[in-house]
Amino acid sequence: VRAGALHLDGLDVAQLLADDNPASAARTPSRLVGLTLNGLDIVAPDPEDTPGQTIHIAIGSIEVRNEYSGASIKQGGAKVAGIVIEPSPGSDAGKSLASLGYSKIELAMTIDAKYQADAKTFALENFTIDGAQMGSVGLKANFTDVSPQLFGTDSAGRMQALFDAGVASIEIKLVNDGMFEKALAYTAKQQGLSLDKLRAQW
């Protein structure tokens, strides 16, 4: 395991570490104002215990930023770049990836959200996962009647706030950058069909 510099700002997990004493429930909900991590690189034994095989997992950088209003989050975001998942070619995971035309998975992720306590609205402004030579999946959503209890310390209150919330809109965006063609070729091979015939069926 190799890791770059880690910087934490405004971390408070006192409530998370508190005991079952009722007085502990009155503590401020766990929060994190900012976080940066400059790289993480891990090489570990193959999780399927294939002899002599490993898996390589890396993260180029992580950046988290949050702003709070009282006990509730006001807005927040996170960016994770340079995510790499690379199994050994001889492992089952490596062979599965190779059948799709990949030797490794390379990803990046972005999240941005905003909560307005007075209006009780929560907006997931951007949740995007990008895959190199794959494409991307993006999600945007707006929720109504979101009680501040959703960000509180009481489990029953959080659950009730979740049930009471409404969905105003959801938008999903899919961008193909090669993954569809690779999945098509893989499926055609598995089904013993020509690529053109399967494409016509789909």
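**Exercise 1. Two residues with positive phi**

Task: Asp145 is in the loop between E10 and H3; determine what sign its phi has and whether Asp145 is buried, partly exposed or exposed. Then treat Gln133 in the loop between E9 and E10 in like manner.

Solution. The structure is a predicted model.

Step 1. Phi of Asp145 is near 55°, which is a positive value in a residue other than glycine.

Step 2. The relative accessibility of Asp145 is 48%. Exposed requires over 50% and buried requires under 20%, so Asp145 counts as partly exposed.

Step 3. Gln133 is not a glycine either, yet its phi is positive, at about 60°.

Step 4. The relative accessible area of Gln133 is 52%. Since the cut-off for exposed is over 50%, Gln133 is exposed.

**Exercise 2. Aromatic rings**

Task: Describe the pairs that Phe122 forms with Phe143 and with Phe151, and state which parts of the chain they link.

Solution.

Step 1. A pair of aromatic rings is described by two quantities, the distance of the centres and the angle of the planes.

Step 2. Four aromatic pairs are found in a search of the whole structure. One of them joins Phe122 and Phe143, with 6.3 Å from centre to centre and 40° between the planes. Stacked would need planes under 30 degrees apart and edge-to-face over 60, so this pair is tilted.

Step 3. Phe122 belongs to strand E9 (residues 121-131) and Phe143 to strand E10 (residues 135-144); the pair therefore ties together parts that are 21 residues apart in sequence. Phe143 counts as partly exposed, at 26% relative accessibility.

Step 4. The pair of Phe122 and Phe151 is also tilted, at 6.4 Å centre to centre and 40° between the planes. Here Phe122 in strand E9 is linked to Phe151 in the loop between E10 and helix H3 (155-164), 29 residues apart.

Step 5. Phe122, Phe143 and Phe151 belong, with Tyr115, to one aromatic cluster.

**Exercise 3. Charges over rings**

Task: State which ring lies beneath Arg31 and which beneath the charged end of Lys182.

Solution.

Step 1. Arg31 lies over the face of Tyr68, and the distance from the ring centre is 4.3 Å.

Step 2. Lys182 has its charged end over the ring of Tyr102, 5.0 Å from the centre of that ring.

**Exercise 4. The largest pocket**

Task: Give the volume of the largest pocket and describe its lining.

Solution.

Step 1. The volume of the largest pocket is about 160 Å³.

Step 2. The lining has 13 residues, of which Met134, Gly135, Ser136, Val175 and Met179 are the closest to the centre of the pocket.

Step 3. At least two lining residues come from each of E9, E10, strand E11 (166-176) and helix H4 (179-191).

Step 4. By class, eight lining residues are nonpolar, four are polar and one is charged.

**Exercise 5. The largest nonpolar core**

Task: List the residues of the largest nonpolar core and identify the strand that supplies the largest share.

Solution.

Step 1. In soluble globular proteins, nonpolar side chains tend to be buried together.

Step 2. The largest nonpolar core has eight residues: Leu32, Leu35, Leu37, Ile62, Val64, Ala78, Val80 and Ile83.

Step 3. Strand E3 (34-37), strand E6 (61-69) and strand E7 (72-87) each contribute at least two residues to this core.

Step 4. E7 supplies the largest share, three residues.

Technical notes. Residues are numbered from 1 along each chain as its sequence is written. This is a predicted model: local features need pLDDT of at least 70, side-chain atom pairs count only at pLDDT 80 or more; totals for chains, interfaces and linings use all residues. Side-chain values use heavy atoms; hydrogens and water are left out. Rings of Phe, Tyr and Trp (its six-membered ring) pair if their centres lie within 6.5 Å; planes under 30 degrees apart count as stacked, over 60 as edge-to-face and the rest as tilted. Helices (H or I, at least four residues) and strands (E, at least two) are DSSP runs, numbered from the N terminus. Buried means under 20% relative accessible area, exposed over 50%, partly exposed in between (1.4 Å probe, protein chains only). A charge sits over a ring if NZ of Lys or CZ of Arg is within 6 Å of the ring centre and within 35 degrees of the ring normal. On a 1 Å grid over the protein atoms alone, a cavity is a set of points where a 1.4 Å probe fits but cannot get out, and a pocket is an open set with protein on both sides within 12 Å along at least five of seven lines; lining residues have an atom within 4 Å of a point. Grid points are joined across faces, edges and corners, and a volume is the space filled by probe spheres set on the points. Ala, Val, Leu, Ile, Met, Phe, Trp, Tyr, Cys and Pro count as nonpolar, Asp, Glu, Lys and Arg as charged, and the others, Gly among them, as polar. A nonpolar core is a set of buried Ala, Val, Leu, Ile, Met, Phe, Trp, Tyr and Cys residues joined through side-chain atoms within 4.5 Å.
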